[in-house]
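Here is a small set of exercises to work through with the coordinates open beside you. Try each task before reading its solution.

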Amino acid sequence: MTKSQSKSPDASVRRKIDSLRRELLDHDYRYYVLAEPIISDEEYDRKMRELQTLEEKYPHYSSTASPTQRVGGEPTKTFPPVEHVVPMLSLANTYSEPDILDFDRRVRDLLKGAPYRYVCELKFD
């Protein structure tokens, strides 16, 4: 690889994608296997969104091994499994009231006036 190739914007994007993938896989392991996360859920989600954006913009760098293509990792054996009374249908994260209000607006639009209700459970990390 020549110096001009290694400094190209495309090479820089590839390095950023690879770096985010490695970092997120490490955080997945710390969270799901060790049950010892070192960053907040919000910071993890920000990094995941950044990776998703890059992969969408540069689809030629897509990979089935990317953290964006799978859910979590091997769950910890520390806690017993729990069956949810109502199936979990949405795993989207929100960190602000406007995000929650926008989610509700999309639900209302999708259901076109049909009655609905939310079931929420605390998430324990």
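The exercises below concern a predicted model, and each task is followed by a worked solution.

**Exercise 1. A salt bridge between helices**

Task: Find the salt-bridge partner of Glu55, and work out whether the two residues are buried or exposed.

Solution:
- Start at the carboxylate of Glu55 and look for a nitrogen of Lys or Arg within 4 Å. Arg21 qualifies, with the closest N and O atoms 2.8 Å apart.
- Next, place the two partners in the fold. Glu55 sits in helix α3 and Arg21 in helix α2 (residues 9–33), so this bridge links distant parts of the chain, 34 residues apart.
- Now turn to accessibility, where the cut-off for buried is under 20%. Glu55 has a relative accessible area of 10% and is therefore buried. Arg21 is likewise buried, at 10%.
- Finally, list what surrounds Arg21, leaving out residues up to four places away in sequence. Besides Glu55, Arg21 touches Leu51, Tyr61, Ser62, Ser63, Ser66 and Pro67.

**Exercise 2. Salt bridges along α4**

Task: Describe the geometry of α4, then examine the salt bridges Arg108–Asp104 and Asp109–Arg105.

Solution:
- Begin with the helix. α4 (97–111) has 15 residues and reaches 21 Å from its first C-alpha to its last, close to the 21 Å expected at 1.5 Å a residue.
- Take Arg108 and Asp104, whose closest N and O atoms are 3.0 Å apart. Both lie in α4, four residues apart, about one turn of the helix.
- Compare the surroundings of these two partners. Arg108 is partly exposed at 42% relative accessibility, whereas Asp104 is buried at 17%.
- Repeat the steps for Asp109 and Arg105, which meet in a salt bridge at 3.0 Å, N to O. These residues are also four apart in α4, so about one helical turn separates them. Asp109 is partly exposed at 45%, and Arg105 is partly exposed at 36%.
- Salt bridges can also share partners, and in this way Lys16, Glu23, Glu43, Arg46, Lys47 and Glu50 are joined into one network.
- To close the tally, the salt bridges in the model come to 13.

**Exercise 3. Classifying aromatic pairs**

Task: Decide how the pairs Tyr31–Tyr32 and Tyr58–Tyr61 should be described.

Solution:
- Choose the quantities first: a pair of aromatic rings is described by the distance of the centres and the angle of the planes.
- Count the candidates, and you will find four aromatic pairs in the structure.
- For Tyr31 and Tyr32, the centres are 4.8 Å apart and the planes make an angle of 75°. Angles over 60 degrees count as edge-to-face, so that is the label for this pair.
- Check their exposure too: Tyr31 is partly exposed at 24%, and Tyr32 is partly exposed at 27%.
- For Tyr58 and Tyr61, the centres lie 6.5 Å apart with the planes at 35°, so the pair is tilted. Both of these tyrosines are buried.

**Exercise 4. Around the end of α4**

Task: Follow the chain out of α4 and determine which groups Tyr116 belongs to.

Solution:
- Just after α4 comes Lys112, which takes a positive phi of about 50°.
- Further on, Tyr116 lies in the segment after α4. At 32% relative accessibility, Tyr116 counts as partly exposed.
- Look at the rings: Tyr116 forms one aromatic cluster with Phe103 and Tyr118.
- Then look at the surface. Together with Leu110, Leu111 and Tyr118, Tyr116 forms a nonpolar patch of about 390 Å² of accessible area. Patch residues need over 30% relative accessible area, a condition that Tyr116 meets at 32%.

**Exercise 5. A proline in a loop**

Task: Locate Pro87, state whether Pro87 is buried or exposed, and find how far its C-alpha is from that of Val119.

Solution:
- Pro87 is found in the loop between α3 (41–57) and α4.
- The relative accessible area of Pro87 is 57%; the cut-off for exposed is over 50%, so Pro87 is exposed.
- Val119 is 32 residues away from Pro87 along the chain, and their C-alpha atoms are separated by 9.4 Å.

Conventions:
Residues numbered from 1 in each chain as written. Predicted model: local features only at pLDDT ≥ 70, side-chain atom pairs only at ≥ 80, totals over all residues. Heavy atoms only, no water. Helix = DSSP H or I, 4+ residues; strand = E, 2+ residues; numbered from the N terminus. Buried < 20%, exposed > 50% of the residue type's maximum accessible area, 1.4 Å probe, protein only. Patch = residues over 30% accessible without salt bridge, like charges linked within 9 Å, V, L, I, M, F, W, Y side chains within 5 Å. Areas by Shrake-Rupley, 256 points an atom, 1.4 Å probe, with all protein chains shown as cover. Salt bridge = Lys/Arg side-chain N within 4 Å of Asp/Glu carboxyl O. Expected span 1.5 Å × (residues − 1). Phe/Tyr/Trp six-rings, centres within 6.5 Å; stacked < 30°, edge-to-face > 60°. Contact = heavy atoms within 4.5 Å.
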